[in-house]
Amino acid sequence: MTEDVLTSAKQDMEKTLTALRRELSHLRTGRASTAILEGITVDYYGARTPLNQVATLAAPEPTLLVVTPFDKSVVGAIEKAIKGSDLGLNPLNDGKLIRIPIPPLTEERRRDLVKHSRKLAEDYRVSMRTHRRDSLEMLKELEKDKDITEDDRRHGTEKVEALTKQYIERIEQVLKAKEDEIMAV
């Protein structure tokens, strides 16, 4: 019974960590990464379509992204969508493909991005603690229903606490790596 609670907690915490990684990958750093274009949708024949479904995204150089549409008639819509995003990018359209130069970040913008990434990490730490609380409540319920003994609950509680500590440390590692990436000149 306690193993089921631990397995569930671990799965939830792993999903939370994956979500943090995905969200941090959208933060722009000084290097070109196709991940920063993931949230952009294009008006494609009247439907909002993710950019990666209407074009090939590539980062051939550290300071350049290239968007190659599958259908040349959508080049203008892609350019408009990129300009309309809050990424602060200026796409260059040559009629066949779109080049997006990635300008270097200012020191102030880097600090803002680090601040934002720390806030995101704190939100995900809170989420981890919520998973811990839910797991501990499940263990108390199992003990109350006489499905597990007090010792089993205590051992389960220790394991949940250790698991939470481990995942919060992993959040710190992910955050540190992202901060280093942002601050790298």
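A helix here is a DSSP run of H or I that is at least four residues long. Keep in mind that everything below comes from a predicted model.

**View 1. S135, tucked into helix α3.**
Let's start with one residue on a helix: S135 sits in α3, which covers residues 107–144. Is S135 buried or exposed? S135 has a relative accessible area of 2%, and the cut-off for buried is under 20%, so S135 counts as buried. Not counting residues up to four places away in sequence, S135 touches V5, A9 and V160.

**View 2. H131 and its polar contact with T16.**
Stay on helix α3, because H131 has its place there too. H131 comes out at 16% relative accessibility, so H131 is buried as well. Which residues does H131 meet, once its neighbours within four places in sequence are left aside? They are D12, M13 and T16. With T16, the link is a polar contact between the two side chains, at 2.8 Å.

**View 3. Helix α1 from end to end.**
Now for a quick check with a ruler on α1, residues 2–25. Its 24 residues, at 1.5 Å a residue, should span 34 Å, and the C-alpha atoms at its ends are 35 Å apart, so the two values agree. Among the buried residues of α1 are V5, A9, M13 and T16. Remember V5 and A9 from the first view, where S135 touches them; M13 and T16 turned up beside H131. What covers the buried residues of α1? The cover includes α3 and also α4, residues 150–183.

**View 4. The hairpin of β1 and β2.**
Time for some strands: β1 (residues 41–44) pairs with β2 (residues 47–50) in the antiparallel sense, over four bridges. Look across from V42 and you'll find T49 of β2 standing opposite. Two residues lie between the strands of this hairpin, and Y45 takes a positive phi near 50°.

**View 5. The open sheet of four strands.**
Strands of a sheet pair through backbone hydrogen bonds, and they can do so in a parallel or an antiparallel way. In this open sheet the pairing is antiparallel, and the strand order is β3-β4-β6-β5. The edges belong to β3 (55–61) and β5 (92–93), and each has a single partner strand, so one side of each has no neighbour in the sheet.

**View 6. Where β5 meets β6.**
Zooming in on one edge, β5 runs antiparallel to β6 (residues 98–101), and two bridges join them. Which residue of β6 is the bridge partner of L92? That would be R99.

Conventions
Residues numbered from 1 in each chain as written. Predicted model: local features only at pLDDT ≥ 70, side-chain atom pairs only at ≥ 80, totals over all residues. Heavy atoms only, no water. Buried < 20%, exposed > 50% of the residue type's maximum accessible area, 1.4 Å probe, protein only. Contact = heavy atoms within 4.5 Å. Pairing = 2+ DSSP bridges. Expected span 1.5 Å × (residues − 1). Polar contact = N/O pair within 3.5 Å; in protein donor to acceptor, adjacent residues only side chain to side chain.
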